[in-house]
Each structure stands twice: as C-alpha cells, then as structure tokens.
Amino acid sequence: MSWLNNAGYILLMVLLVISSQEVQSKKNGKRKDAGDEEADSVFTLQPEPIYYVSTKRSATIKCAAKTAAYIHIKCRDTYIEDSEISKSTATISGIEILTVSSEVTKNTIFEILARYTCVCIAVLDEGERQVRSSAGEFRIAHLEKKFPQSPIEISQEFGTEAVLICRAPDGTPEPYIFWKKNNVRIDAESYPSKYLVTSEGSLVISDVNAQDEGNYTCVADNEFFTRSTEPAKLHVYRNGGWSQWANWEECDTVCGNGYQKRRRQCDSPPPSGRDGQRCDGQDVQSSPCTKHCSPVDGGWSEWGPWGECDHTSCQVFKRRKCDNPPTIGEGKVCPGADFQMTNCSEQICSKPGQRNGFQGNNEVDSQNIILWVVLCAAVAVFAIILVIIVMCLMKKKLRHDSVYENRPADVESRDSRDGEKFDNTSHGISTQPDIMASMPLRHQRSYATSRTDSVGTGSEKMPMISSNSRPLPTQREYYMQISPNTNCDAHDYMQIGSGGDSDESGDGDDKLSHHSSSPESGICNSSDRQSIASGASPTRSELEALAWANITHVGGRLCIVDTGVSMTVPEGAIGRNQTEEVFIASLREDKEKPSLLEKQTLLSPVIFCGPQETTFNKSLIISFDHCASLKLGQWKLSIYSSNSAYDEPTQWKRLVTLNQELLHMPVFCQLDSNRCHIMVDQLASRYCLVGESMYGSKAVKQLKLAAFAQPFSSSLDSCIRVYVLPDTQDAFCNVVQQESKLGAKLMDRPKQIAFQDGGHSLCLMIDSISNGWASKMPAQYQEIPFRHIWNAHSNLHCSFAFERVPNHPNSTLSCKIQVYQKSVLSNRQQININGGSLESSFKVVGQKDLSSTVTVNTQSSSGCSSMVAIDNRDQQIFRLPTALKKKLANHLDMTCMRGNDWRMLAAALSSDRQLNFFASKPSPTEAVLDLWEARITSEEAPVAELINILRAMGRQDAVSVLEQNMGNAWV
C-alpha cells in the first residue's frame, strides 16, 4: 500500500506545479498588456487603453520615451512601416525625449476583422535592450438609428409632473442623452429643480406651465454620431375654475313678484390649452323676489293723429294711452275713453245710396257671378266623366262573364293548385297580397306587370292574363321586413324567389322563406323600423353579401359568412338603453369600385356599412381579406373611403396611407398577412384597400384560380371556365354563387398564383387532352392582358370549349391547364381537369346552400350565407369581458419608466405602428384589446398567448388578473 501512497503524493505535486504555471502565465499575460516593468520609467507617454475610429475620423497612437534610440509601433504582431510613423525629438531637463505617432483608420481595422491592439517598443542601449509599453485597443464607433423607445405626444395638466420617455439606442462608445425644446438644447444641469434626465434618458419636467408647452426631441450623442427622435408635442392645459358669485341684481319687476339674478365667471382660472375643460355648472342663478311699491294713479298721454277714413262707415278715429304715468299697484286707472271718432268730410267720403256707392256694389256682384258660373261648369264636367267611367266598367264586366262561361273543362284541375305559384306556361301569376307591390327588386329591373282578375265561385275561378303581359323573369328576389303588431317577435327577414312550379309542400324555389330572429338576440327592437335590406343598404347588393342587426350596449359582431367580411362592435360602443341599426355589405359590381390610377390596384372587397351619422363611444373594427403579398415586393398601401349614399355617384378619397399617418388621425389600419382591420369611431359609407408598387420595386398580388363546368354529357360538347380572382374569400364566394345558378361544379381545388407588377400578361394553355375529346378553339392558348387583372375586373375568366371526336368510344374529359405569367416563369400553376372523379371529389353548391339567412351563432356548412352574432351574454363572442379589460387597463394604462405598459403590449401584438391613435382613447389598453379580439380566430388559444406576452413583459400583476378571472377553461 505504500507505493500507492507515494503515487498519490507524486500526482498531487504534479497538479500543483501545473496550476502554478497557469497562474504565472496569466500574470505574465496581464503584465504583457500592461507593458514591461520598466515601461513607466522609460516611457513618458504611453498609448491610451481604447481608441475609437469611424468613417470620417481616424485615431492616432502616440508614444514618447527617454534616451531611446528608436521607437517601434507594433499592431497585431506587425510592425508599422517607418514611412507611416511621425517622429520628433525634444530635450527636457537635459534628457532627450523621442516622440512617435501613427494614424489608424477604419479601413485598417476592417481588414483585420478581429481585436486590433497596438504597442510601442522602445530600443535602448544601442539596440541591446527593448522595453514594451502598455497596449492600446482600437474599436469602430457606431450608433444605431432606431431608438428602442421614443417620446410620444402627451397632454399634461398645469402644475403637474410631465414625463417624456426615451431610451438611447445601442452604440460604441456608449451614447449619452440630452433633450431639445423647439430645437434648442435644454440645460438640465443649470435647472435641476425644473428638469431631470433619468439614467435611462427620460425627461421629467416638474410643475409644468404654459411656457413648457412645445416640441421636445430626444437626442443621443457618442461624440462620433448624433441621433434624434421625431419631435413629441407637450400640451399643457388648465381646467377652468369658477369665480365667486357676484352680488344679487335688482328685482326685475317694478312692483310685486319677480326674479333677481346673480352671476359668476369661469375665469379663476380661465380654461387654457388644447384639452382645457370649461367649468362644470351654471354661471347664472335666479331667485324669486318681491318688490313693494306705493300706488300711482294712471294718466292719459296726448291724443294721437287722426287715422285714415273708413269708407264703409265714413268715420275717422284717433287714440291715446294710459301711460303718463302708467297705473302702478292699487292706483286708479285713467278715466274716460281711449279713442275718439268723427264723420269724414263730404269730399272724402259719400253717403250710402249715392252713385259712387252703387257702382262699388255692382262691381262686387259681377265678380260673384263669374265665380258661380265657373263652379257650375266644373261640376258638370266631373259628372260627365263619372258617367263615362261607370259605363266602361259595366261593359268590361259583361265581357269577363262571357269569357268565363266558355272556359275549357281541363282548367279546373289546374286551378286547384296554390294561388301563389307561378305558371310557366302562361308566364303569369295569380293574385298576390298587396305587400308584394311595395317590395323593391334586388337588381332594380323593370318587368311588365301581369294583371290578374278572378270571378266565379269555388273551383270555377280562373286567372285572367292581360294580352300585353310579358314573361316574368326566371328569378326574382324581394326583401322586406314585416312591421310588428305587438312586439319584436313579429320581425321576419323574408326572401321571395321565383323559378319553376313547386309542389304543394312548398319545397320549390318559388316559396316564402322566413328567417326569424329571437327577441333576446338583440337583432330587432319593438319599434316599427324599415328593414336595412330594403331601405338603408343598396338594393343592388346581393343578399348573400349583407348582414345587419339592431345592436345594444352589449356589443356584438356582424359576419358575412364565407366572405371574410365582418364588423366588430365592442361592448360599450353604444350607450346603455340605446339601440343602433348596424349593417355591413360587400358591393361586388365594377361600378362600385373606385376609379384608380394606372399603377394602382384594388386589393380588397368594397365594403358598404352604416350608420354613417352616429359617433360611437368606442372604435368599431371592420375586417376583411386583402390579396397583397407582403413578403414579395414592396407596397404603398392606402385606405380609401367615401361618404356618398348608395344611390348617388360615389366620391372616393384617400383616408390614410400606411406608414405615413399624421398625428390625431381618426382611423387606424392594422394590416396582417392576408387580413385588414380598420378602427373608426364614426363610419363612412364605403371602405376599400388600394395599393401600388413602391418606387424601384415590383409588388406582387395574390390571385386565385378556379375552374367550373356543367356536368359532362355523353352526346354534347363541354365548356370549362377558368376564373382569375383576387385571393379573397368574398371574390371566390361571388363566383361560386353565380356558377351554382348554372348548375356548375368545381373541377379542381382552387389554386393560388403570384401576379407581379410590371405589365406582363397572364397565359393559360391546354395540355394533355384525353382521348375522345378535342379542343374547339383554333389555338390551345389564351392570354389575359395585365391591365385587366391589375385593374381588378370582376369575375375575370377564360372559357375553353371541347367537343367529342366522331366514331370514338365515349370517355370522360380530362386535361391540364397550365397558368403562368409572361417573363415571370416562377409564377406558375397547373389545374387538373378530371371529369371522372368530379362527382365524388367536389360538392355541387346549389341555390339553397347560398340562401341568405339571419341567425345567431350559426356557421354555414357550405356555400356563402349571412351570419349575425349579436348578444354577448348568450354566446362568447368576445374572449375577454369588458369588466376584465377594465381591470387590465387599471394596471397597463399608467405609463411606466420601464416602458412595460400598454405600449409594450401593442408592440408585442404588432399593433404599435400608430401609438398616438390608442393614446387618444380614454383607455389605450381597452382599444388595443378590442383590436386583438377582432384579429384572433376561433382555432387559436389567444388568452394563453396573451398571458405569455404579459409574463414576458414582466407584468405579473396583469397575469394574476387574467388567471383569477378567466380560469383554466378559458386559457
């Protein structure tokens, strides 16, 4: 065992020696950076520890040594050439001092791409001894352009403390912060009681007054670079205060009961600044008063002049008043009459019965005679017309009786059907209720009205069709709302369509379908109001692209299902005990689109919404799809709006351009990858998203390709229609509706293709046609011009016609259609046409699937329909209740020095492009969360993500509020 102990002892000694050598090497390394031990005694000037260089500024390393024959400068183990070294010699106190220097630029450091250090080596004793100085390191100076946090416009009350938040960008050397007011630097050190610049760079202004109002700029400087933020406006306001009440004024009556007033002024202090509020309350007070006075007898004034002569009585009058003085209290009224009269002279007026008076009466009698003659003539003419009408009606009745007497016998079975159904043979209809005449046609087409009469009894009644009647349209749709008699339950949303004959059960197309809304859903109220569908919204819009409801203060969301169009009304946007009739629609006709410049293109549906005159308590969020590719190319995007009524020429204007918003814009636009959300307090009538390529870039627009065809027949030719649509749900839904009316089927799943700006057309080419079929077109190639697609023409498509080859066995048509953009070969797609697998692969979308309904919390299984989700109490439309949002706002609305308040939340949710919009709201946090509610989808777990965001922000207080109130089920 002794040899084991000796081996252990030897191993321990080896480890100690190795450790001591490492320590010694570290000490030697430090001494090497600090220079030799003799450096301080030989060198009178050594390199500085750190030098900074930039593109415009270089750094100079300088050394001086005593009694040195020569001084070398060595950088990165390489000696600098003598031609790049400046030398000078001086004698101080009999000692010769040699000084050398060399300039180092940014390019020299870039070439190394590593830590760059330099030392000076003094050669002494004729080269026999060298002394090394301390090392100096060279670094490249830089300063980031973007500030992590910039000041924003704020409004501060007079006498309080204002905080403008700013955090310096990263830089080398580390920058320091100073502030400017109206482009003049603030000397915070000279006024420590007024200004304070925190360690993070924020400016604190104490006891603000009117002189502190102005534009403040945060400036970062590191001696090489200077960065400035955008100016932030500081508004200083003062609310008005009442002065003391003035003395009571005199009683406003001479005698008896009256009123006296006293006043005060809103000038202690007067309201000032942009946000200064006027005094609350009345500036005048009234109080009843009684004034006792002694009685005064009235006295007559002087007689007035004589008036004009009355020719009827031949008399003239003059008057006086009892106002000299007036009667006061219990004083006596003036005695006597207040007027006098006398006869006119004979020259002015003649007595009755004389010649002049007779002539006057004769003229009056003549006028009366003429009036009676005219009246008698009018009565006679009216009587003659009435007799003629009665005779015509009697002849007409006799003619009808003769026709019905000769009716064929086979009509009886046909007349026994329901009187409300159409007759395709005669193109007429039986008698309809009176309400049908007042219902507007959806497309506003005019058709000749069929006149319907019926006489006889029982089964012998037969419809009479006027000879000038024309065939009714194959499809009509009327929209109306039945006015309730008692309560809201009577409100029905009705659709009347026409088509072929229907059976007695009412399953045909020509039926009356009711889509009733429950009264507790908030869709309608007890007032008798005109329907949105027949009144406020355009009758030319499709029913499938319209949603409307009466919404109360609980809020809700209107969705046009399968179109991606919705409107979110946050809880509290409408006042309590109030109801607003809100609607949203998608206008699909080309004439509804704005007239754009050649380089501009429409990227979204045209949204029609209302009401336009109402200002809501909270911002409404309008959401819809867009087809701009944000990853490919660069877009200049703008929101266009119009306040024109639907029946007037539309006047469009640019509402806002993204990333070019001004302060206090009344709108905020949140642009996601394929969705656009617009926040407004007051609705315009129309909105849409318009884009154009940025200068020097070619933007890319996402398109959708969809192929449709009627079912293939064994004996007839076939036609395939390929639609080129904007990649939005609304555009595809519109095409599905139109093709379903033709009985067409979707041939292949819709394909996406990128379409680049630049003027290149889109090409479609047929390939690999199956045996037994041939193309009827002279060329198997079609081309859509660039401007037709970029100008967003509705339902743009190409048709390919095919015919069967004679004497060839029947086979199913199949082919491939290649779609690509000229000169952009990477943008290519292929549509596969296979008629054999059509029945099982893709569903036929019929007319019933596309019928529009008004429901509550109902999703469409297929097709495109309308859905209105209203009542937040019966269904979880909003993820966070308003009470919970208010609790979060109590924690996050307050500005924090660390910046982890509502602004950081907006940044984490990618909604921080225009913070001034949210800052202008009573609660910025609630506005941010309302937008968050409108952006999320039902498939996500948004509350859990929100908790993670708040936890990453370091706001455990807000996390606790969510976890306590929501529970695990919500998370």
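Which strand does S46 pair with in the antiparallel sense over 6 bridges? In this predicted model, the partner is strand S52, residues 797-804. Within that pairing, Ile-720 sits across from Phe-800 of S52. Strand S46 itself spans residues 718-726, and 7 of its 9 residues are buried, leaving the strand mostly covered.

S52 is joined on our tour by strand S45 (residues 700-709), which also runs antiparallel to S46 and is connected to it by 6 bridges. Here Lys-704 has Leu-725 of S46 as its bridge partner.

Lys-704 is worth a second look, since its side chain also meets that of Asp-727 in a salt bridge, at 3.5 Å from N to O. Asp-727 lies in the loop between S46 and helix H6 (729-741) while Lys-704 belongs to strand S45, so this contact ties together parts that are 23 residues apart in sequence. Asp-727 has a relative accessibility of 15% and therefore counts as buried, the cut-off being under 20%. Lys-704, at 15%, counts as buried too.

Let's step back to the salt bridges in general. Side chains of opposite charge can pair when their charged atoms come close. Across the whole structure, a search finds 25 salt bridges. One of them links Asp-625 and Arg-675, with the closest N and O atoms 2.7 Å apart. This pair spans distant parts of the chain, from strand S39 (residues 615-625) to strand S43 (residues 675-682), 50 residues apart. Asp-625 is buried, at 5% relative accessibility.

Glu-249 and Arg-263 form another salt bridge, at 3.1 Å. Both residues are partly exposed: Glu-249 has a relative accessible area of 36%, and Arg-263 one of 38%. Finally, Arg-115, Glu-137 and Arg-139 are linked in a salt-bridge network.

How values were computed
Residues are numbered from 1 along each chain as its sequence is written. This is a predicted model: local features need pLDDT of at least 70, side-chain atom pairs count only at pLDDT 80 or more; totals for chains, interfaces and linings use all residues. Side-chain values use heavy atoms; hydrogens and water are left out. Buried means under 20% relative accessible area, exposed over 50%, partly exposed in between (1.4 Å probe, protein chains only). Helices (H or I, at least four residues) and strands (E, at least two) are DSSP runs, numbered from the N terminus. Two strands pair if DSSP finds at least two bridges between them. A salt bridge is a side-chain nitrogen of Lys or Arg within 4 Å of a carboxyl oxygen of Asp or Glu.
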